[in-house]
Amino acid sequence: MYAGFFKRIIDFLLALTALCILSPVLVILMIVGAIAMGGNPFFTQLRPGRIDKKTGKERIFKLVKFRTMSNKKDAHGNLLPDKDRLNKYGRILRSTSLDELPELWNILIGDMSLIGPRPLLPEYLPWYTEEERHRHDVRPGLTGLAQVHGRNNVAWERRFQLDVEYVRNISFINDVKIILLTIKKVLAKSDVSEDTSQSEGNFAEIRRKQQEQNEDMNHGA
């Protein structure tokens, strides 16, 4: 009953309340972000959401965050490495998780939930195992079980294990525990990774190499 009905109602009410209360903060961050980033303060990216029961495929939605990296380019017009585009303002946003606040809109309209597996990238979809894909049986979350157990500092396999564990044990009590642990981690500014290449960015490459290694082993057998 909670997972199928009340969870969505709670998500909607809490997201609406948070957006109303935090609206002055959001406006300030929009203005400061536009100045610090030299333009649009928002970062949007397509992400896979919950699996549609009719199509059997993940519903793709547009995730909204505050930008933490500039669009600085080199002399040849190529974007500079992440570490060179992450300025002081962006570091503050990440360390305080303020860059995640616009995702409250995604929660309000039903793309996401307050608690659930974090939405990753669409190009990762072909690389999930059947077991790991169960993380998409529910709406992705602003925070989740994997985030309170290390965030990006946890190995991919463990992160997905925690995601699936959450999906199979959804309850109001568990969600409250995750929210409290999330608040604790945000206040402590723990498990924050500034180098995105060491977190989300290498999953597909890791799986691709694993597949190639398995194929080489099979050919050599």
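## A spot in the loop after E2

Let's start with asparagine 71, which sits in the loop between E2 and helix H3 (82-85). (Helices, H or I with at least four residues, and strands, E with at least two, are DSSP runs numbered from the N terminus.) Asparagine 71 counts as partly exposed, at 48% relative accessibility. Here, buried means under 20% relative accessible area, exposed means over 50%, and partly exposed is in between, using a 1.4 Å probe and protein chains only.

What does asparagine 71 touch, leaving aside its neighbours within four places in sequence? It is in contact with Leu79 and Arg85, where contact means heavy atoms within 4.5 Å. Leucine 86 is 15 residues away from asparagine 71 in sequence, and their C-alpha atoms are 9.6 Å apart in space.

## What you're looking at

This is a predicted model, where local features need pLDDT of at least 70 and side-chain atom pairs count only at pLDDT 80 or more, while totals for chains, interfaces and linings use all residues. Residues are numbered from 1 along each chain as its sequence is written, and side-chain values use heavy atoms, with hydrogens and water left out.

## Helix H1: a greasy patch and a buried lysine

Helix H1 covers residues 2-21, and phenylalanine 12 is one of its residues. Leucine 13 is in H1 too. Phenylalanine 12 is partly exposed at 36% relative accessible area, and leucine 13 is also partly exposed, at 47%. Both belong to a nonpolar surface patch made of Met1, Phe5, Phe6, Ile9, Phe12, Leu13 and Leu16, with about 690 Å² of accessible area together. To join a patch, a residue needs over 30% relative accessible area and no salt bridge; nonpolar side chains (Val, Leu, Ile, Met, Phe, Trp, Tyr) are joined within 5 Å, and like charges within 9 Å. The areas come from the Shrake-Rupley method with a 1.4 Å probe, and for residues only the protein chains shown count as cover. Leucine 13 also has its C-alpha atom 9.8 Å from that of isoleucine 107, which is 94 residues away along the chain.

Lysine 7 is in H1 as well. Is lysine 7 buried or exposed? It is buried, with a relative accessible area of 9%. Its side chain makes a polar contact of 2.8 Å with the side chain of aspartate 175. (A polar contact is a pair of N or O atoms within 3.5 Å; within protein, one must be able to donate a hydrogen and the other to accept it, and residues adjacent in sequence count only if both atoms are side-chain atoms.) A polar atom of the lysine 7 side chain also lies 3.2 Å from the backbone oxygen of isoleucine 115. Leaving aside neighbours within four places in sequence, lysine 7 is in contact with Tyr2, Ser113, Ile115, Tyr166, Ile170 and Asp175.

## Charged partners

How many salt bridges does the structure hold? There are 13, each being a side-chain nitrogen of Lys or Arg within 4 Å of a carboxyl oxygen of Asp or Glu. Side chains of opposite charge can pair when their charged atoms come close. One such pair is arginine 59 and aspartate 111, at 2.8 Å from N to O. This pair links distant parts of the chain, 52 residues apart: arginine 59 is in strand E2 (residues 58-66), and aspartate 111 is in the loop between helix H5 (103-108) and strand E3 (113-115). Arginine 59 is partly exposed at 46%, whereas aspartate 111 is buried at 8%.

Arginine 118 and glutamate 103 meet at 2.7 Å, N to O, in another salt bridge. Arginine 118 is in the loop between E3 and strand E4 (141-143) and glutamate 103 is in helix H5, so the pair ties together parts that are 15 residues apart in sequence. Arginine 118 is buried at 10%, and glutamate 103 is buried at 0%. Both are in a salt-bridge network that also links Lys65, Asp99 and Glu100.

## Helix H6 and an unusual angle

The twelve residues of H6 should span 16 Å at 1.5 Å a residue, and the end C-alpha atoms are 17 Å apart, which agrees. (The expected span is 1.5 Å times one less than the number of residues.) Among the buried residues of H6 are Trp156, Phe160 and Tyr166.

Serine 97 lies in the loop between helix H4 (88-96) and H5. Its phi is near 65°, a positive value in a residue other than glycine. Serine 97 counts as buried, at 15% relative accessibility.
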